[in-house]
Amino acid sequence: MTTSAGVSTALLTDHYELTMLSAALRDGTAGRRSVFEAFGRRLPDGRRYGVVAGTGRLLDALADFRFGDAELSFLREHKVVDEPTLEWLSSYRFTGDVWGYAEGEVYFPGSPMLIIESTFAEAVVLETLVLSILNHDTAIASAASRMTAAAEDRPCIEMGSRRTHEEAAIAAARAAYIAGFTTTSNLEAGRRYGVPTTGTAAHAFTLLHDDERAAFQSQVDTFGTDTTLLVDTYDVTNAVNLAIEIAGPQLGAVRLDSGDLLQQAREVREQLDSLGATSTRIVVTSDLDEFAIAALQAGPVDGYGVGTQLVTGSGAPTAGLVYKLVAREDSSGELLGVAKKSKDKTSIGGRKYAFRRRDPRGVAEAEVIGIGAAAANDPSTGLRTSADDRTLLVPLVEHGERVFTGTLDDARKRHTTSRGELPPTARQMSRGEPVIPTLYQREEKERMS
């Protein structure tokens, strides 16, 4: 697989993955052809759909999954694995195939979001890398999608960098952008991924100056009248009057960050209109989530800045995805479906394909997951029942080489389309079951271990 020449991601791995590898190399099972699958047994409590994100970051990380001298020295020094395993790791290159739901696609319980086929050895060491990226980014995108659905055509700004780990902040900005956020405050997300950035001023800027007039004048002189002035440092009514006096009725926007945001927005809108600033927008911030956004839709709010609730998944900071072996080669060379059957953590064995069943109007009716012959050679295809069924799995990596080249803007468009084909109840903020059911179909009897 072509490397991105970045820092090695090989030790973004749990210890037990290498102990399994070491034992499998020793007993001769490491080379068995295997199929691993990343999926969620359920959605976060009360959620009606989820949104796939992080796949692009995962493919980048996979390209850098290499055990160089530094990584091997650490493993040797700490006696994590034996010398034969270290020798095997020194030449590790993923040479298998990967299929998955493309970023921005919605998913449901059981959706095979990522399918990895290779030897057991090549695939088992990727578990933590896969789950750490997909669980985080998918959780953020899923929360962001609910927020942008609640906001409808009013823009949402990601501004949660100060409320999470510095690298998580960058990933969160990227995931939120996929799910419809228009901009981010995080400059590294802009540099690394091309997410549009924005930002004006905090209360500290106003407090720095002798009075609000000096602060507003400085900002307008520097950035022009299209800037956004923060008007709730002292008295909102006085600040709005002052803002329009300085910038004129062409002022870009005012921002509210405290108090009863709905009532204040109504009062400020009336005040702005009376001052002739009918095109000046009102942006609100202050620990918003999808429920607050939905409530604020009743007011004259033009945009939302969202921080803490977004980067923490709005109550669901992880998507709850798991990475399971679902098929492995038997003694005859055929793939044998295998499944975990422990209480409350069962899985369904066999290689999968997936499509979304839609009615003639294009509205989704079910998530259909097939197991059997149609998936034997290519999981991106399957037995569809009508032309309205939409295939979900796409090839990401073939024989170790990345083949998926979709962009972040492609993911944004995909999310809009995918969410748009869901039944209207998908946009409800009330708790409920997944908006469509997950159905399994078997084309042939699968042997289960």
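# Exercises: sheets, helices and cores in a predicted model

Strands β14 and β15 are joined by seven bridges and run antiparallel. Keep that pair in view as you start, and remember that the model is predicted.

**Exercise 1. Work out what surrounds the β14–β15 pair, and which strands stand at the edges of their sheet.**

Step 1: Start with the hairpin itself. Five residues sit between β14 and β15, and G362 takes a positive phi near 90° there. Across the pair, A354 stands opposite I369 in β15.

Step 2: Go to the other partner of each strand. β14 (residues 352-358) pairs with β16 through two bridges, in the antiparallel sense, and F355 has T391 of β16 as its bridge partner. β15, for its part, is joined to β19 by five bridges, and these two run parallel. Here G370 is matched with Q441 in β19.

Step 3: Put the strands in a row. You get an open sheet of four strands, β16-β14-β15-β19, with mixed pairing. β16 (390-391) and β19 (438-442) are at the edges; each has a single partner strand, so one side of each is left without a neighbour in the sheet.

Step 4: Check how covered β15 is. Of the eight residues in β15 (364-371), seven are buried.

**Exercise 2. Describe the seven-strand sheet and find the helices that lie across it.**

Step 1: Read off the order. This open sheet runs β13-β12-β1-β5-β3-β17-β18, and its pairing is antiparallel. Its edge strands, β13 (335-337) and β18 (401-402), each pair on one side only.

Step 2: Zoom in on one end. β17 (residues 393-398) and β18 are antiparallel and joined by two bridges, with E398 standing opposite E401 in β18.

Step 3: Add the helices. Helix α2 (residues 55-63) lies across β3, β5, β17 and β18, at about 15° to β17. Helix α6 (residues 127-151) lies across β1, β5 and β12, at about 140° to β12.

**Exercise 3. Which residues of α2 are buried, and what do they pack against?**

Step 1: Count them. Seven of the nine residues in α2 are buried, so to speak "mostly covered".

Step 2: Name them. They are T55, G56, L58, L59, A61, L62 and A63.

Step 3: Look at the partners. The buried residues of α2 pack against the strands β3, β5, β17 and β18, and against the helices α6 and α7 (166-178).

**Exercise 4. Explain why the largest nonpolar core lies between two domains.**

Step 1: Find its best-connected members. The core has 58 residues, and L256, V284, I293 and Y304 touch the most other members. Helix α11 (residues 236-247) gives the most to this core, with eight residues.

Step 2: Ask who contributes. Domain 1 (15-125 + 320-351 + 390-434) and domain 2 (151-313) both give residues to this core, so it lies between them.

Step 3: Take I293 as a close-up. Leaving aside neighbours within four places in sequence, I293 is in contact with M147, A150, A151, C156, L288, Y304 and V306.

Step 4: Don't mix it up with another core that lies apart from it. That one has 55 residues, including A10, A123, V326 and A354.

**Exercise 5. Where does UniProt place its N-terminal domain feature, and what is the span made of?**

Step 1: Look up the record. The unreviewed UniProt entry puts "domain: Nicotinate phosphoribosyltransferase N-terminal" at residues 11-135.

Step 2: Describe the span. Residues 11-135 are 42% helix and 18% strand, and the end C-alpha atoms lie 18 Å apart.

Technical notes. Residues are numbered from 1 along each chain as its sequence is written. This is a predicted model: local features need pLDDT of at least 70, side-chain atom pairs count only at pLDDT 80 or more; totals for chains, interfaces and linings use all residues. Side-chain values use heavy atoms; hydrogens and water are left out. Two strands pair if DSSP finds at least two bridges between them. Contact means heavy atoms within 4.5 Å. Axes are lines fitted to C-alpha atoms, for helices over the stretch in contact, and angles run from 0 to 180 degrees between N-to-C directions. UniProt positions are given in the numbering used here, feature names are shortened, and annotations may be inferred rather than shown by experiment. A nonpolar core is a set of buried Ala, Val, Leu, Ile, Met, Phe, Trp, Tyr and Cys residues joined through side-chain atoms within 4.5 Å. Buried means under 20% relative accessible area, exposed over 50%, partly exposed in between (1.4 Å probe, protein chains only). Domain bounds come from an automatic or database domain assignment.
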